[in-house]
Amino acid sequence: MAGLYFEQFHEGQRFEHELTRTVTEADNMWFCGMTMNPQPLHIDRAFAEQTDFGQPLVNSLFTLGLMIGISVQETTLGTTVGNLGMTDTRFPAPLFHGDTVHVTTEVASLRASRSRPGVGIVEFVHRAFKQDGTEVASCRRQAMMHRQPENSA
């Protein structure tokens, strides 16, 4: 299992995730269709060309999901109980079709659960960047993580 248990994280720990992903027009169209989002800024090239951006924007919720998804392999794969929340979500620059995303994750804080002895809470700060280094998304995510099994200490 690639994910880390609660005890394997420490405050200030930083991950520079190896996985990257180039976003395609099909990704954006599929996501907008699946989420029933008809915003022409995402799905209508002629409309989007008349905006300040001059081209369609990748749906920000796709960007958020991709950012967190890229982090899973090295942090929470198989060891997370679930997400508790996401705060301070920002999209400081647009993401376009053809941009390639890479992600960093930092452990901001952690604490043992007060109500569930087998889990702990880890707060991650995720940041997504496109190929030129421009930050396109960030968020703080609170995840409930399994504690390390007793027999594997």
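The side chain of Thr 105 makes a polar contact of 2.9 Å with the side chain of His 126. That pair is a good place to enter this structure, which is a predicted model. A second polar contact, of 2.7 Å, joins the side chain of Thr 105 to that of His 17. So Thr 105 has a histidine side chain as partner in each of these two contacts.

Where does Thr 105 sit in the chain? Its place is in strand 4, which covers residues 100-112. Is Thr 105 buried or exposed? Thr 105 is buried, because its relative accessible area is 1%, and buried means under 20%. Its surroundings come from several parts of the sequence. Leaving aside neighbours within four places in sequence, Thr 105 is in contact with Gln 13, Arg 14, Phe 15 and His 17. The list also includes Ser 71. Phe 124, Val 125 and His 126 complete the set. Both histidines of the polar contacts are thus among the residues that Thr 105 touches.

Now step back to the whole protein. It holds 4 helices and 6 strands. In what order do the elements run? From the N terminus on, the order is β-β-α-α-α-α-β-β-β-β. Two strands come at the start, the helices follow, and four strands close the series. The C-alpha atoms fill a box of roughly 60 × 30 × 25 Å, taken along the principal axes. The protein has 153 residues, and 41% of them count as buried. Thr 105 is one of the buried residues.

Contacts between distant places in the sequence feature strongly in the count. Take the contacts between residues at least 6 apart in sequence. Of these, 71% join residues at least 24 apart. The accessible surface comes to about 8200 Å². Carbon and sulfur atoms account for 52% of that surface.

Val 122 offers another view of the interior. Its place is in strand 5, which spans residues 119-130. Val 122 counts as buried because its relative accessible area is 0%. Which residues surround Val 122? Leaving aside neighbours within four places in sequence, Val 122 is in contact with Phe 6 and Phe 9. It also touches Val 107, Ser 109 and Leu 110. Arg 141, Gln 142, Ala 143 and Met 145 are its other contacts. Glu 18 lies 104 residues from Val 122 in sequence and 21 Å away in space, C-alpha to C-alpha.

Two of those contacts return at Thr 76. This residue is in the loop between helix 4 and strand 3. A loop residue can still be buried here: Thr 76 is buried, with a relative accessible area of 3%. Not counting residues up to four places away in sequence, Thr 76 touches Gly 3, Phe 124, Arg 141 and Met 145. Arg 141 and Met 145 are also contacts of Val 122. Phe 124 is also a contact of Thr 105.

Helix 4 itself covers residues 60-75, and Gly 65 is found in it. Gly 65 is partly exposed, because its relative accessibility is 41%. Gly 65 and Glu 11 are 54 residues apart in sequence. In space they are 23 Å apart, C-alpha to C-alpha.

Charged residues come next. The protein has 12 positive and 17 negative charges, and their mean positions are 8 Å apart. Side chains of opposite charge can pair when their charged atoms come close. How many salt bridges does the structure hold? It holds 6. Three of them follow.

Asp 27 forms a salt bridge with Arg 21, with the closest N and O atoms 2.6 Å apart. Asp 27 counts as buried, at 14% relative accessibility. Arg 21 is partly exposed, at 31%.

Asp 99 and Lys 130 meet through their side chains in a salt bridge of 3.6 Å, N to O. This pair links distant parts of the chain, 31 residues apart. Asp 99 is in the loop between strand 3 (80-90) and strand 4, while Lys 130 is in strand 5. Both residues are buried.

Arg 127 forms a salt bridge with Glu 135, with the closest N and O atoms 3.9 Å apart. Arg 127 is partly exposed, at 31% relative accessibility. Glu 135 is partly exposed too, with a relative accessible area of 25%.

How values were computed: Residues are numbered from 1 along each chain as its sequence is written. This is a predicted model: local features need pLDDT of at least 70, side-chain atom pairs count only at pLDDT 80 or more; totals for chains, interfaces and linings use all residues. Side-chain values use heavy atoms; hydrogens and water are left out. Buried means under 20% relative accessible area, exposed over 50%, partly exposed in between (1.4 Å probe, protein chains only). A polar contact is a pair of N or O atoms within 3.5 Å; within protein, one must be able to donate a hydrogen and the other to accept it, and residues adjacent in sequence count only if both atoms are side-chain atoms. Contact means heavy atoms within 4.5 Å. A salt bridge is a side-chain nitrogen of Lys or Arg within 4 Å of a carboxyl oxygen of Asp or Glu. Accessible areas come from the Shrake-Rupley method with a 1.4 Å probe; for residues, only the protein chains shown count as cover. Lys and Arg count as positive and Asp and Glu as negative; His and the chain ends are not counted. The place of a charge is taken as NZ of Lys, CZ of Arg, CG of Asp or CD of Glu.
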